[in-house]
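Q: I'm new to this one, so could you take a close look at the side chains for me? I'd like to hear about charges and rings.

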There are 2 protein chains.
Amino acid sequence: MAKPATRIQQKNQTAIMDAGLEVFSKYGFRGATLDQVAEAAGLSKPNLLYYFPSKDAIYTALLARLLENWLEPLHAMDDAGDPVEELLAYAQRKLVMSRDYPRESRLFANEIIQGAPHIKDVLAGELRDLVTDKSAVIARWIKAGKLRPVDPVHLIFSIWSLTQHYADFDVQVRAILGTADPFDDAAAHIDTTFRRMLTPGP
Amino acid sequence: MAKPATRIQQKNQTAIMDAGLEVFSKYGFRGATLDQVAEAAGLSKPNLLYYFPSKDAIYTALLARLLENWLEPLHAMDDAGDPVEELLAYAQRKLVMSRDYPRESRLFANEIIQGAPHIKDVLAGELRDLVTDKSAVIARWIKAGKLRPVDPVHLIFSIWSLTQHYADFDVQVRAILGTADPFDDAAAHIDTTFRRMLTPGP
DNA sequence: TCCGATTTTGACCATCTGGTCAAACAGAGG
DNA sequence: CCTCTGTTTGACCAGATGGTCAAAATCGGA
């Protein structure tokens with residue numbers, strides 16, 4: 001029953017997704033217009049709507065694709081690995097994602113800031129479960145004396161906010177630092193931060 | 001030449017500013033509509049435009065007022081105080097602002113994420129100068145051995161991101177933690193974080 | 001009370017926005 | 001060459017949006 005999807009379909013669908021990412025991440029759902037998306041995709045508006053039934057459909061498809069990639073690094077945190085290195089690696093992966101996929105980060109940030117109307121259920125469901133799960137892992141690490149005591153959930157919030165900041169507030173960061181690439185220094189800073197936070201102290 | 005501003009003018013102007021804050025912080029500049037602002041202010045749209053000449057004027061006025069309050073705590077960081085306590089106090093002040101003025105924080109975040117079209121010059125001017133100035137203070141503290149070495153500018157970014165996260169991503173934070181107020185735990189976590197980061201280690 | 005200044009509003013407008021539709025246009029297989 | 005399926009488009013629509021304007025309502029002081 002499922003149709004194979006022609007070559008031209010795939011080309012246009014990815015063009016639309018990419019254009020939608022560009023526009024929605026810049027203006028938010030309500031601030032973006034279909035004309036903008038169509039132009040960025042190099043298509044006419046009716047043609048765009050031949051591939052996606054509505055503005056909402058494009059946005060929803062984008063969010064769905066995003067959420068997978070977004071949660072993957074946290075999933076990948078390994079119970080059996082070295083606690084400090086696992087957490088540091090997670091933070092660095094998130095930072096690399098901020099550098100390489102800033103539009104995705106801003107799309108997500110826009111959605112959350114505006115009250116997460118499209119994904120509130122995912123936050124309270126899948127995401128909540130995942131964080132609860134990984135928090136338990138971190139708590140076990142702490143109990144085993146492998147990490148300096150810290151609130152596990154707020155530790156995860158810290159990793160999110162510190163890394164995503166460099167994508168979401170990119171303009172501000174660059175305005176303050178000049179135009180130089182901030183990500184190398186950011187990587188060093190984040191490494192230092194979490195090492196001091198998590199490594200047993202004096 | 002300047003007119004005194006009647007009582008009714010002040011009442012309506014503040015009503016409009018508050019309504020604008022509510023609406024613009026929720027949808028961003030482009031996503032918000034004058035009708036929404038007018039309704040939130042309890043005025044008709046023409047009446048609203050009697051007090052402010054345009055949508056842009058309301059938004060600009062909001063941003064101007066915001067920026068003052070926003071930079072004040074950083075200004076207040078005292079060269080002569082105890083380094084660790086000054087920085088911790090700054091972080092706590094920012095966190096309290098996230099708790100008490102989340103709409104302001106989200107308004108600012110929306111503006112920055114969308115490329116800061118209205119305040120790019122402030123970022124590259126006033127804000128940049130302020131951060132440069134305070135970074136020098138922090139660098140001096142480090143050189144004097146009062147703080148563990150850390151990149152001063154990225155330290156300031158850390159304070160911003162960790163505190164504003166609780167306002168900007170409020171929905172996500174509450175979805176994960178349940179409905180309980182997250183700010184007490186956040187305060188403790190942030191205190192711990194920066195104390196470990198800045199206090200001389202082993 | 002009256003008068004000028006301030007405030008409020010209903011009606012209106014041009015433009016934009018998400019979305020529709022029938023018709024025109026490929027492209028591949030026969 | 002024709003035809004069938006998939007693709008593209010110009011013209012169009014109803015509702016929303018930022019903004020205008022003249023007239024009406026209200027206010028505050030003399």
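A: First, a bit of vocabulary: helices here are DSSP runs of H or I with at least four residues, numbered from the N terminus. Also keep in mind that this is a predicted model.

With that, let's start at D129(A), which sits in helix α7 of chain A. It counts as exposed because its relative accessibility is 51%, and the cut-off for that word is over 50%. D129(A) has company: together with E68(A), E126(A) and D133(A), it makes up a patch of negative charge on the surface. Helix α7, running over residues 120–143 of chain A, gives the most to that patch, with three residues.

Next, charges that pair up. Over all chains, 20 salt bridges turn up. One of them joins R93(A) to E72(A), with the closest N and O atoms 2.7 Å apart. R93(A) is in helix α5 and E72(A) in helix α4 of chain A, so this bridge ties together parts 21 residues apart in sequence. R93(A) is partly exposed, at 39% relative accessibility, and E72(A) is partly exposed too, at 36%.

Over in chain B, D18(B) and R103(B) meet in a salt bridge at 3.1 Å, N to O. That pair links helix α1 to helix α6 of chain B, 85 residues apart. Another bridge in chain B, also 3.1 Å from N to O, brings R140(B) and D79(B) together. Here R140(B) belongs to helix α7 of chain B while D79(B) is in the loop between α4 and α5, so parts 61 residues apart in sequence are tied together. Back in chain A, salt bridges with shared partners join D18(A), E22(A), K26(A) and R103(A) into one network.

Now for the rings. There are 16 aromatic pairs over all chains. Among them is a tilted pair, F29(A) with Y59(A), 4.8 Å centre to centre and with 50° between the planes. F29(A) is in helix α1 and Y59(A) in helix α4 of chain A, 30 residues apart, so the pair links distant parts of the chain. Both F29(A) and Y59(A) are buried. Y50(A) and Y51(A) pair up edge-to-face instead, at 5.0 Å centre to centre and 80° between the planes. Y50(A) is exposed, with a relative accessible area of 63%, whereas Y51(A) is buried at 17%. Finally, ring pairs link F157(A), W160(A), Y166(B) and F183(B) into a cluster.

Definitions and conventions
Residues are numbered from 1 along each chain as its sequence is written. Chains are lettered from A and ligands numbered from 1 in the order in which they are written. This is a predicted model: local features need pLDDT of at least 70, side-chain atom pairs count only at pLDDT 80 or more; totals for chains, interfaces and linings use all residues. Side-chain values use heavy atoms; hydrogens and water are left out. Patches are made of residues with over 30% relative accessible area and no salt bridge: like charges are joined within 9 Å, nonpolar side chains (Val, Leu, Ile, Met, Phe, Trp, Tyr) within 5 Å. Accessible areas come from the Shrake-Rupley method with a 1.4 Å probe; for residues, only the protein chains shown count as cover. A salt bridge is a side-chain nitrogen of Lys or Arg within 4 Å of a carboxyl oxygen of Asp or Glu. Lys and Arg count as positive and Asp and Glu as negative; His and the chain ends are not counted. The place of a charge is taken as NZ of Lys, CZ of Arg, CG of Asp or CD of Glu. Helices (H or I, at least four residues) and strands (E, at least two) are DSSP runs, numbered from the N terminus. Buried means under 20% relative accessible area, exposed over 50%, partly exposed in between (1.4 Å probe, protein chains only). Rings of Phe, Tyr and Trp (its six-membered ring) pair if their centres lie within 6.5 Å; planes under 30 degrees apart count as stacked, over 60 as edge-to-face and the rest as tilted.
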